Amino acid sequence: MTALLTNIPTLETERLILRAPGMQDWEAWLAFCLDDRSRFVRADDIDEGKAWRAFCHVAGMWALRGYGSFVITAKGADTALGLTGPWHPIDWPERELGWTIWSAAAEGQGYAYEAARAARDYAFGTLGWTTAVSYIDPENTRSIALAERLGAVRDPSAKVPHPEDPCLVYRHPAPEGRA
């Protein structure tokens with residue numbers, strides 16, 4: 001962990017650790033970005049340089065906003081399985097809860113659900129968010145299913161970050177007393 005990212009909390013679930021992004025995660029991130037499995041969360045013309053800038057965006061969100069995405073690892077291992085957490089680029093209309101699972105072997109294990117729940121609890125509890133959305137490509141059926149499993153409902157009246165790109169908006173339920 002770099003000195004600038006030492007204040008990032010570590011979250012723990014039954015099976016997972018959610019921690020700060022670090023250089024040890026770069027190779028797993030790059031492999032994910034260059035794989036077709038990342039097509040819903042990256043530009044079509046992705047290359048190593050663009051993947052690097054996207055990775056730096058992840059770390060930069062923490063440095064500049066004070067929150068961001070956590071790297072997901074299994075307890076007892078420090079291999080990055082994916083990313084989840086609060087996300088809000090400067091030109092996006094709302095704060096988002098996002099997730100990606102980088103390794104095909106980690107898919108279907110319930111890691112994204114477990115990690116996203118912990119990240120959402122952090123956003124609503126620690127950060128005091130009263131609302132959050134997930135922006136999802138209409139063809140990303142796995143993310144749609146996860147959003148619905150998390151209790152999020154489609155919000156067709158919500159604004160999208162890039163109106164020219166197809167995007168569904170799922171609104172997450174606020175915890176009791178935070179509507």
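Student: Let's start with R19 in this predicted model. Is R19 buried or exposed?

Tutor: The relative accessible area of R19 is 10%. The cut-off for being buried is under 20%. R19 lies in strand β2, and with its 10% R19 therefore counts as buried.

Student: Which residues is R19 in contact with, leaving aside its neighbours within four places in sequence?

Tutor: A helpful place to begin is V71, which is 52 residues from R19 along the chain, although their C-alpha atoms are separated by 5.3 Å. V71 is indeed one of the contacts of R19, and F70 is another. The full set for R19 is P9, T10, Q24, D25, F70, V71, T73 and D78.

Student: F70 came up there. Which residues does F70 touch, not counting those up to four places away in sequence?

Tutor: R19 is on the list for F70, and so is L18. Going through the whole list, F70 touches I8, P9, L11, L18, R19, W62, G82, L83, T84, G85, P86 and Y122.

Student: Which residues have the most contacts inside the largest nonpolar core?

Tutor: Nonpolar side chains tend to be buried together in soluble globular proteins. Here the largest nonpolar core has 34 residues. Those with the most contacts inside this core are L16, L18, F70, W99 and Y170.

Student: Which element gives the largest share of this core?

Tutor: The elements that give two or more residues to the core are β2, β3, β5, α3, α4 and β8. One of them contributes 10 residues, the largest share, and that element is α3.

Student: How many residues are in the other core, which lies apart from it?

Tutor: Among the members of this other core are F32, W92, A158 and V169. A158 is found in the loop between β7 and β8, and A158 is in contact with V169, as well as with E94 and R171, once neighbours within four places in sequence are left aside. At 14% relative accessibility, A158 counts as buried. The residue count of this other core is 20.

Student: Back in α3, does R117 count as buried, exposed or partly exposed?

Tutor: R117 has its place in helix α3. Its relative accessibility is 39%. Buried means under 20% and exposed means over 50%, so R117 counts as partly exposed.

Student: At what angle do helices α1 and α2 pack?

Tutor: Two packed helices are described by the angle between their axes and the distance between the axes. Here α1 covers residues 26–34 and α2 covers residues 48–65, with their axes 10 Å apart. The angle makes α1 oblique to α2, and its value is about 125°.

Student: Which residues of α1 and α2 make the contact?

Tutor: The crossing of α1 past α2 is right-handed. The residues of this contact divide into eight nonpolar, no polar and one charged. From α2 come E48, A51, W52, A54 and F55, and from α1 come W26, W29, L30 and C33.

Student: Which residues is F55 in contact with, leaving aside neighbours within four places in sequence?

Tutor: F55 has its place in helix α2 and counts as buried at 7% relative accessibility. W26 and W29, which belong to the α1 side of the helix contact, are among its partners. The full set for F55 is G22, D25, W26 and W29.

Technical notes:
Residues numbered from 1 in each chain as written. Predicted model: local features only at pLDDT ≥ 70, side-chain atom pairs only at ≥ 80, totals over all residues. Heavy atoms only, no water. Axes fitted to C-alpha atoms, helices over the stretch in contact; angles between N-to-C directions. Helix = DSSP H or I, 4+ residues; strand = E, 2+ residues; numbered from the N terminus. Parallel < 35°, antiparallel > 145°, perpendicular 65-115°, else oblique. Left-handed = near helix turned anticlockwise from the far one by under 90°. Contact = heavy atoms within 4.5 Å. Nonpolar A, V, L, I, M, F, W, Y, C, P; charged D, E, K, R; others polar. Core = buried A, V, L, I, M, F, W, Y, C linked by side-chain atoms within 4.5 Å. Buried < 20%, exposed > 50% of the residue type's maximum accessible area, 1.4 Å probe, protein only.
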